[in-house]
Amino acid sequence: MTVRVVVPGQLYSYTGGQSQLVANGTTLGKVLDELDRRHPGLRFRVVDEHGAIRPHVRFFINREPALALSCALADGDELVVVGALSGG
């Protein structure tokens, strides 16, 4: 089950500058686990120590909001990770 993952610029330091990755997994959580094995530290930037999606991060599967790590993914899906920007 191959998923295309679009990564925000805030995470490029974990992905070696790659903006798009390919991962395997049937749920959002499983995809993040695989990405973290290949890019250590990435998962902790988007999921806290209690297993909750961090408030400043949003996930979209095929342009639909994914609000839980249990959200299902299918072969060929696109997962987009969006990080909030702040400043003033």
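Which residue stands opposite Thr-2 in E2? Here are some friendly notes to read beside the model.

1. Before we start, please keep in mind that this is a predicted model, in which local features need pLDDT of at least 70, side-chain atom pairs count only at pLDDT 80 or more, and totals for chains, interfaces and linings use all residues. Residues are numbered from 1 along each chain as its sequence is written, and side-chain values use heavy atoms, with hydrogens and water left out.

2. Now for the opening question: the partner of Thr-2 is Asn-24 in E2. Strands E1 and E2 run antiparallel and are joined by five bridges. Strands (E, at least two residues) and helices (H or I, at least four) are DSSP runs, numbered from the N terminus, and two strands pair if DSSP finds at least two bridges between them.

3. E1 has a second partner, E5, which runs parallel to E1 and is joined to it by three bridges. In this pairing Val-5 stands opposite Leu-79 of E5. Look at the two faces of E1 as well: Val-3 and Val-5 make up the covered face, while Thr-2, Arg-4 and Val-6 make up the uncovered one. In a regular strand the side chains alternate between the two faces of the sheet.

4. E3 is a good strand to follow next. With E5, E3 pairs in the antiparallel sense over five bridges, and Ile-61 stands opposite Leu-79 there. With E4, E3 is again antiparallel, over three bridges, and Phe-59 stands opposite Ala-66. E3 and E4 form a hairpin with two residues between them; Asn-62 in the turn has a positive phi of about 50 degrees. The covered face of E3 holds Val-57, Phe-59 and Ile-61, and the uncovered face holds Arg-58 and Phe-60.

5. What does the largest nonpolar core contain? It has 21 residues, and those with the most contacts inside it are Val-5, Val-31, Leu-32, Leu-35, Val-46, Phe-59 and Leu-79. Such a core is a set of buried Ala, Val, Leu, Ile, Met, Phe, Trp, Tyr and Cys residues joined through side-chain atoms within 4.5 Å. Elements giving two or more residues include strand E1 (2-6), helix H2 (28-38) and strand E5 (78-83). H2 gives the most, with four residues.

6. Leu-79 deserves a look of its own. Not counting residues up to four places away in sequence, Leu-79 touches nine listed neighbours, among them Val-5, Val-31 and Phe-59. Contact here means heavy atoms within 4.5 Å.7. Compare two residues: is His-39 buried or exposed? His-39, in the loop between H2 and H3, is buried, with a relative accessible area of 10%. Pro-65, in strand E4 (residues 64-66), is exposed, at 53%. Buried means under 20% relative accessible area, exposed over 50%, and partly exposed in between (1.4 Å probe, protein chains only).

8. The side chain of His-39 reaches the backbone oxygen of Tyr-14 at 3.3 Å. Leaving aside neighbours within four places in sequence, His-39 is in contact with Tyr-14, Thr-15, Gln-18 and Leu-21. On the same basis, Pro-65 is in contact with Phe-59 and Phe-60.

9. Finally, the charged end of Arg-54 sits over the ring of Phe-44, 4.5 Å from its centre. The rule asks for NZ of Lys or CZ of Arg within 6 Å of the ring centre and within 35 degrees of the ring normal.

Technical notes
A polar contact is a pair of N or O atoms within 3.5 Å; within protein, one must be able to donate a hydrogen and the other to accept it, and residues adjacent in sequence count only if both atoms are side-chain atoms.
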